[in-house]
Amino acid sequence: MYIARDIPLVELHRHLDGNVRLETVLELGRAHGVKLPANTVEGLRPYGQVQGVTPSLMDFIAKFDLLKLVFIDDDAIARIAEENIEDAAREGIDYIELRCSPAFMGLQYGLEPQRVLAAVCRGVQAGMKRWPVRANVIGIMSRHLGEERAGSGDCPASRRCGGA
Ligand SMILES: [Zn+2]
């Protein structure tokens, strides 16, 4: 297939909270003393990445069980967000829309969704300063996490922190 080089490469649907490098999971887990199901990247792979054909959406979502262990604090979340921009840059992407559920990301360690979103935005903005990628963040309201955690007052989806 021929892809014209002068047309911008755009990705409109990537889940930032589902795109965490296994190396980062390992490093953050070690730095914060988090018990992980394995101690090597290869050992973590079956827990963190969908392998081959997946029977159901829930099997896919189960991978988030590993990733949520490393949404530890503002710096960890900002790092993961910044690495999403770096990953996009390395894939040659010019513009990306990154989705995340701040309520889900904050659940494991009791972080407020607004705080999570602020950390995500900080990382995305830092990434855009370092890499030639433009990005916007779309906050997902997780209704199944309850009305309050969905962020009824200050709708995360109404906040913009991207540069596009
Ligand atoms: Zn999606």
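Which residues of β3 make up its covered face, and which its uncovered one? In this predicted model, the covered face of β3 consists of A135, V137 and G139, whereas R134, N136 and I138 form the uncovered face. The paragraphs below place this strand in the chain, beginning with the overall arrangement of helices and strands.

The chain contains 7 helices and 3 strands, and along the sequence these elements follow the pattern β-α-α-α-α-α-β-α-α-β. Of the 164 residues in the chain, 30% are buried. Among contacts with a separation of 6 or more, 72% are accounted for by residues 24 or more positions apart.

The 3 strands form an open sheet in the order β1-β2-β3, with parallel pairing. β1 and β3 are the edge strands, each of them pairing on one side only, and the twist from one strand to the next averages 20 degrees. Between β1 and β2, which run parallel, there are 4 bridges, and R14 has L98 as its bridge partner in β2. On the other side, β2 and β3 also run parallel and are joined by 6 bridges. The bridge partners found in β3 include A135, which is paired with I96, and N136, which is paired with E97. Of these two residues of β3, A135 belongs to the covered face and N136 to the uncovered one. As for β1, the number of buried residues among its 6 is 0, so this strand lies largely in the open.

The largest nonpolar core holds 34 residues, of which V70, I77, V120, V124 and A135 touch the most other members. Two or more residues are given to this core by each of α1, α4, α5, β2 (95-100), α6 (102-107), α7 and β3 (134-139). The largest share, amounting to 7 residues, comes from α5. A135 thus appears in several settings, being a residue of the covered face of β3, the bridge partner of I96 and one of the core residues that touch the most other members.

Helix α1, one of the elements that contribute to the core, spans residues 22-32 and has V25, L26, L28 and G29 as its buried residues. The cover over these buried residues includes α2 (41-48), α4 (64-67) and α5 (74-90). After α1 comes G33, a residue whose phi is positive, near 65 degrees. In the loop between β1 (10-15) and α1 lies N19, which is partly exposed because 16 other C-beta atoms are found within 10 Å of its own, a count between the limit of 12 or fewer for exposed residues and that of 20 or more for buried ones. Leaving aside residues up to four places away in sequence, N19 touches R14, N84 and D87. The C-alpha atoms of N19 and E83 are separated by 9.1 Å, although the two residues are 64 residues apart along the chain.

Helix α7 lies across β2 and β3, and its direction makes an angle of about 170 degrees with β3. The packing of α7 against α5 can be described in similar terms. The axes of α5 and α7 come within 7 Å and cross at roughly 40 degrees, an angle that makes α5 oblique to α7 because it falls neither under 35 degrees, where helices would count as roughly parallel, nor in the range of 65 to 115 that counts as roughly perpendicular. The crossing in which α5 passes α7 is right-handed. On the side of α5, the contact is made by D74, I77, A78, R79, I80, A81, E82, I85 and E86, and on the side of α7 by R115, V116, A119, V120, R122, G123, V124, A126, G127 and M128. Among these contact residues, I77, V120 and V124 are also named with the core members that touch the most others.

One residue of this contact, A126, lies in α7, which spans residues 113-130. A126 counts as partly exposed because it has 16 C-beta neighbours inside 10 Å. When residues up to four places away in sequence are not counted, A126 touches A78 and E82, both of which are listed on the α5 side of the contact. The C-alpha atoms of A126 and A78 are 8.6 Å apart in space, while the two residues are 48 residues apart in sequence.

Note on methods: Residues numbered from 1 in each chain as written. Predicted model: local features only at pLDDT ≥ 70, side-chain atom pairs only at ≥ 80, totals over all residues. Contact = placed C-beta atoms within 7 Å. Core = buried A, V, L, I, M, F, W, Y, C linked by C-beta atoms within 7 Å. Pairing = 2+ DSSP bridges. Axes fitted to C-alpha atoms, helices over the stretch in contact; angles between N-to-C directions. Parallel < 35°, antiparallel > 145°, perpendicular 65-115°, else oblique. Left-handed = near helix turned anticlockwise from the far one by under 90°.
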